[in-house]
Structures are given as C-alpha cells and as structure tokens.
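This report goes through a protein model in running text, with one small table. Please keep the sequence and the structure in view while reading.

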Amino acid sequence: MSDGAEKSGPTGQIVDYDIHKVLKALPHRYPLLLVDRVRTIDLGERIHAVKAVSMNEEFFQGHFPGAPIMPGVLQIEALAQAAGILGIETMNLADSGKLVIFMGIENAKFRAPVTPGCLLDLEVEFLKKGSRAYKFAGKASVEGKVTCQCEFTAMMADAPSQ
C-alpha cells in the first residue's frame, strides 16, 4: 500500500485517498491527469474514483465551442487511470516507476454526454488477472446515469528509457 493511504477493515479497503496519493500512484500530470480523488479501493477487486469536470479543461476549447462535451476517449482514459491506481495499490508498486499500459479496449459504449460542472464517477473492477496482463470492466457515470462503459486490457511495464 502506498505511503499515507489508510487501510481499514479486513477486506483490504483503502479510503482517504486524495490527490497527493493519486500523484504518487500515477505518472500522469496536467492536462492529462483525469482522476482527482479515490473514494474507495478494494485491493485486488475494484476502485471507485472521481473526476471533477471543469470548464477549464483544455479539451473544451475545441470539443465543442458553445456546446462543451467531454470526449468519450477521455472518459475511457479516466477509467484506465483509475484501473492503474487499483493495480498499483494492489501490487504495492506506488513510487516504483511502473506504468500501467493499455493493450486493448473492447465493447466501448457511450451512453450520455459529460459536461462542465459534472462529478464523473469512475468504477473499475478486475475481470481477469494474468501473470503479465489484466482485464478490467469500467463504467463512468454522472449522478447514477452511465455515460461510458467498456472492458479493457492492460499490463504493468517499466517506464521507457529516455
């Protein structure tokens, strides 16, 4: 478990996971950091994270002027980042330099627009755990209404050398 994250209960649930802990777990930074807080993590099982969608997001300048909508691919990226935190915390790899790399996306469906001012709930769970690759199911929603859902595969990898 990463430094400072609180673990409570026998289920291995992590709570009190703020932006500072998110930054320790993920290499992403503005403007591509799409997780603001984690509500809960059930280690090895699932995560519930959130993204506060603000009009200040750079992508709203062009998507679409006068009718801002968060791109669906960025909703999937937010789900992938939540999955990254789940994987990093489950494997106790925060601050290790390991990256969670996308390998595939399946069954992506976009159900409703995400607009400025929304609190986007990101729920991801493990479907399969292999020795190198992991399959996840993700669902994004606003006030209980699903906006995006998909399955995706990812793997842990070392950061590319520079």
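A residue is called buried when its relative accessible area is under 20%, exposed when it is over 50%, and partly exposed in between, using a 1.4 Å probe and protein chains only. By this scale D158 is exposed, because its relative accessibility is 57%.

The model is predicted, so local features need a pLDDT of at least 70 and side-chain atom pairs count only at pLDDT 80 or more, while totals for chains, interfaces and linings use all residues. Residues are numbered from 1 along each chain as its sequence is written, and side-chain values use heavy atoms, with hydrogens and water left out.

**Salt bridges**

A salt bridge is a side-chain nitrogen of Lys or Arg within 4 Å of a carboxyl oxygen of Asp or Glu. The structure holds five of them. The table gives three, including the one that involves D158.

| Pair | N to O distance |
|---|---|
| K51 and E57 | 2.8 Å |
| K98 and D158 | 2.7 Å |
| K135 and E106 | 3.1 Å |

Helices (H or I, at least four residues) and strands (E, at least two) are DSSP runs, numbered from the N terminus. K98 lies in strand β5 and D158 in strand β8, so this pair ties together parts that are 60 residues apart in sequence. K98 is partly exposed, with a relative accessible area of 29%.

The pair of K135 and E106 also links distant parts of the chain: K135 is in strand β7 and E106 in strand β5, 29 residues apart. K135 is buried at 18% relative accessible area, whereas E106 is partly exposed at 35%. Salt bridges that share partners join E106, K135 and E151 into one network.

In the remaining pair of the table, both K51 and E57 are buried. E57 has a relative accessible area of 9% and sits in the loop between β4 and α2. The side chains of E57 and K51 also make a polar contact of 2.8 Å. A polar contact is a pair of N or O atoms within 3.5 Å; within protein, one must be able to donate a hydrogen and the other to accept it, and residues adjacent in sequence count only if both atoms are side-chain atoms.

**A buried charge without a salt bridge**

What is the nearest side chain of opposite charge to D121, and how far away is it? It is R39, at 4.3 Å, and D121 has no salt bridge although it is buried. For such charges, Lys and Arg count as positive and Asp and Glu as negative, while His and the chain ends are not counted. D121 is in strand β6, residues 119–129. Its side chain makes a polar contact of 2.7 Å with the side chain of H48.

**Backbone details**

Most residues other than glycine have a negative phi, and most peptide bonds are trans. The peptide bond from Y30 to P31 is cis, with omega near 10 degrees, and P31 lies in the loop between α1 and β3. A cis peptide bond also joins H63 and F64, with omega about -5 degrees. F64 is in the loop between β4 and α2.

N92, which is not a glycine, has a positive phi near 55 degrees. N92 lies in the loop between α2 and β5 and is partly exposed at 49%. E143 has a positive phi of about 50 degrees. E143 is in the loop between β7 and β8 and is exposed, with 81% relative accessibility.

**Empty space**

On a 1 Å grid over the protein atoms alone, a cavity is a set of points where a 1.4 Å probe fits but cannot get out, and a pocket is an open set with protein on both sides within 12 Å along at least five of seven lines; lining residues have an atom within 4 Å of a point.

The largest pocket has a volume of about 250 Å³. It is lined by 16 residues, and the closest to its centre are H28, E77, Q81, V100 and I101. α2 and β5 each supply at least two residues of this lining.

The largest cavity holds about 30 Å³ of space. G87, M91, V100, Y134, F136, M155 and M156 line this cavity. β7 and β8 each supply at least two residues of the cavity lining.

Key: Grid points are joined across faces, edges and corners, and a volume is the space filled by probe spheres set on the points.
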